[in-house]
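The following exchange examines how certain structural terms are justified. Each answer sets a value against its criterion.

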Amino acid sequence: MTQVRKKLIEVSIPLEAINREALRRKQKAPKGFPTAIHKYWAQRPIALCRAVLFAQLVDDPDSCGDEFPSIHARQAERDRLHSLIERLITWENSNNETVLTEARYEIARSLARARGEVLSPLAEMGPRRIVEYLEKYGPPVCDPFSGGGSIPLEAQRLGLKVKASDLNPVAVLIGKALIEFPPKFSGCRPVNPEVNELHRWKGAQGLAEDIRYYGRWMHEQAEAKIGQLYPKVRLQDGKDKPAIAWLWARTVTSPDPRARGAHVPIASTFLLSSKAGKEVVVKPVVDRTTMTWTFEIDDKPSKADIVAAKKGTKAARGANFVCLLTGAAIDDTHVKAEAMAGRMSTALMAIVTDEPRGRIYLPPSSTHSEAATVNAPEMVPEIDQPLPNDPRAIWCVLYGLDRFTKLFTHRQLRALTEFSDLVTVAREKVLADAEKNWSGTHAADSRRLADEGWGPAAYADAVATYLALIVDRMAFYGSSLTRWLPKDNAMGQSMSQQALAMTWDFAEGNPFGKSSSSILTCTRAIADCVEATYARFPATVVMRDAQLNAFGDGTVFSTDPPYYDNVGYADLSDFFYVWLRRSLSSIHPNIFRRVVTPKSEELVASPYRFGGKEAAEQHFMDGMRKTLEGFASAMGDWPAAIYYAYKQQEVGADALTSPGWASFLQAVVASGIVIDGTWPVRSESEGRSIASGTNALASSIVLVCRRREADALTVTRVEFLRSLRREMPDALIEIRRAGVGPTDIQQAAIGPGIGIFTRYSQVLNTDGTPMLVKDALKLINQVREEITSTGDADYDSETRFALDWFSAKGFEKGRSGEAINMTNAVNISLDGVKAAGFFEARGGDARLIRRSELPDDWDPATDARATVWEACQHLIKRLTSEDGGIEAAAVLYNRLGALTDPAHALARRLYDICEQRQWATEGRVYNQLHQEWDVIEKRAAELAESGSRSDLFSN
């Protein structure tokens, strides 16, 4: 390349639109959404991956001065690119060739600029020539931690060369299923005997249709063999219906001698349905004479019954319960002892079926209890592997569930092994049908899929792979760790968290019914994902350790690496790996050559695995540094995008200096990479975070990186601070201009701050030692706070006093003497502050008056001492009140005059204070005002144009 150009991601992206689309798909994933192909952890939003890749490859207009000579022209071009990104990232446009062609053309234009060429207009080139240009000149996009496959999937969609890899075999198989196999068989007609000969099969439609057909075939075969294990239920009208699920409670022997050794349930809940007006509970019926109990179903429970049912027999957190027969305590020690001795059992609580009006809950019956009492299947050595003893994420080991076979009931094991065995049989059927029904070039190739074949044998391998993923999904919804969800009247997952947690009551789905674990339900989910894949451009996913640095020069890195100790990918993946290996070891011998997934090479700081916290951190640091050194040597003139995902609890009072974050950044710095931007991307509901009492926080940080110059300087701590104070004010202005709100400003400020730190070869402390990243982060946050507080001088004296008092006391009481000292500091009197109307001092106590106590009819136009503090607080009061909202805030906005912009700035400043003090609830309202500011401004302009005044200020 002849010129290094700034890319869009280094300057500006439409962050708000990206956040909005990411959250939209987090809340409701549509049919065929790629994350449904298989469970994986910490998957980044599709919208984010698509936007970041595009912005990594497209020039920012500031680097194209010859084309866009004026500031206005450059901003107009940037706005146009932002508009394209906003259209590009929606799921509805995922296979929209018009939008995708526009995006590919912009990437090709940037490639052409670097080559000193000028492309013909989009309409003249056409889609095919654009794709050919990208194939010829486009750089490879590499994701060496490909995980669930979101990044390589989106690189493929943009027409780029994809180099995806992962150490984890489950991740590799997911990636192959999403981006490698569908293009290989794109446009192929299905091979099953029911194929519609007149249908025109596009993309992966034919492959998806065969997955559906052979999934149904497996259903028929398995039901004929083991269907009797799942009896139907008889309704009151005498009709028989398949069960959806059986709900079980675990039981242990009561420690109370009065119970005469009886087993009692240790259930976390007896609530079956919590839908308003349709509540259903399990009601225990106890006979203390015989010391026996039974379960009944109450579909018209009282409020007291519902409250009692929610608790089950739980007494406290953990494994602490109450004996149903005597009321005696059953503590954690007793439960563990019973479980480890093999004396924990189960009791059927309820049976679930449905009818047109909804779910029906029926009481236990001996027929159904006995049907579930079967022997474990023989020949399951692949599954009978020990669980890792990782106290961070594998919590069921303490209760006797220490092998994978023990995570399933015997009936579940019987069903899953039967379906797993049928994968091999189905493959032979697919092969025979393909050899019979295919012709032409495909039919002539006899190689297997693992040998890069694309004929009948390879196709049979591919279909069998998806059938094995179906069985894996059945296991995910079909273990004894699966809870029943009363709110949804549906089955949960085996891993609702990033852990294998213990469950005291669980749902066993019917593999031949309508449950989430049924084969037909799982088949539909997998087939829909395959049909929605972008099966146009070839791609390859390989199993490789990222530390091997097998990267070519000029690679564009976009990757989502492990996050310190957040997720134990390998340990959790074994839950799926053991089933996949049983089905696919002969089809993918290289992927499934090990008994379990590789552990020692994994870049995760797991203390239990590496002999303690310090050794685990060193393992992570060394491996990540080595990997990133490979990035630095191969990235050429392209910026890299590296994702980092926070856990909510990682932000502390000492600013953003968690061990994981600091260690990760330290590895980045040590590798010779400069961080020249950070984008905070939110895919979690802000309200959820605040409601739970924690700080609102971006769920992902995208680090934008470049290679450090070889002649980078070494500077002192003083020089580093000087650079921060000189450069960060303008950087913060640009960050706010890009749409970053108060909740994310601390995160985004890390970008320019750590960028200054990393551009130097070293920053030396006063004692001559190199400064660590964790210390640099503290200085960056210190300078950000200095810059933010500098604007306080622009406020009126009363507001500056209010800021100082709020920072120290919030809305709590202080002493009048303190208030006098603080008013003196801003050159006003205490009486003057009291006269302003938002502060009171009496009897030695002093406090800020709360918003709810401020007068409803405050009018800045008639208040002789109207302050910025009052303007901000009254705007919030009107915005958040039950009878207020945008309209009321807009009316007040039009009365504020010169107070409007300072009030907005004050809201951001107050949010910063709330973040530092961890006042989440109070901070939320200041962020809300910021988020709604544009809407308030727009409505205020409409009201002003119409001459509306509102009764609020009428005489």
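Q: In this predicted model, what makes strand S19 and strand S20 (residues 640-644) a pair?
A: Two bridges join S19 to S20, and the two strands run parallel. Pairing requires at least two bridges between strands, so S19 and S20 count as paired. One residue match is that of Thr-559 with Ile-642 in S20, its bridge partner.

Q: How do you know that S19 also pairs with strand S1 (residues 140-143)?
A: S1 and S19 are linked over two bridges in the parallel sense. The criterion of at least two bridges is therefore met. Val-141 stands opposite Val-556 in S19.

Q: Why are Val-556, Phe-557, Ser-558 and Thr-559 of S19 called buried?
A: The term applies under 20% relative accessible area, so each of these residues, being buried, lies under that cut-off. Val-556 and Ser-558 point one way from the strand, and Phe-557 and Thr-559 point the other way. In a regular strand, side chains alternate between the two faces of the sheet.

Q: What makes S10 and S12 the edge strands of the sheet S10-S11-S12?
A: This open sheet has three strands in that order, with antiparallel pairing. Strand S10 (314-316) and strand S12 (329-330) each pair on one side only.

Q: How do you know that strand S11 (residues 320-322) pairs with S12?
A: Two bridges join S11 to S12, which run antiparallel. The requirement is at least two bridges, so S11 and S12 qualify as a pair. Phe-321 stands opposite Ile-330 in S12.

Conventions
Residues numbered from 1 in each chain as written. Predicted model: local features only at pLDDT ≥ 70, side-chain atom pairs only at ≥ 80, totals over all residues. Heavy atoms only, no water. Buried < 20%, exposed > 50% of the residue type's maximum accessible area, 1.4 Å probe, protein only. Helix = DSSP H or I, 4+ residues; strand = E, 2+ residues; numbered from the N terminus.
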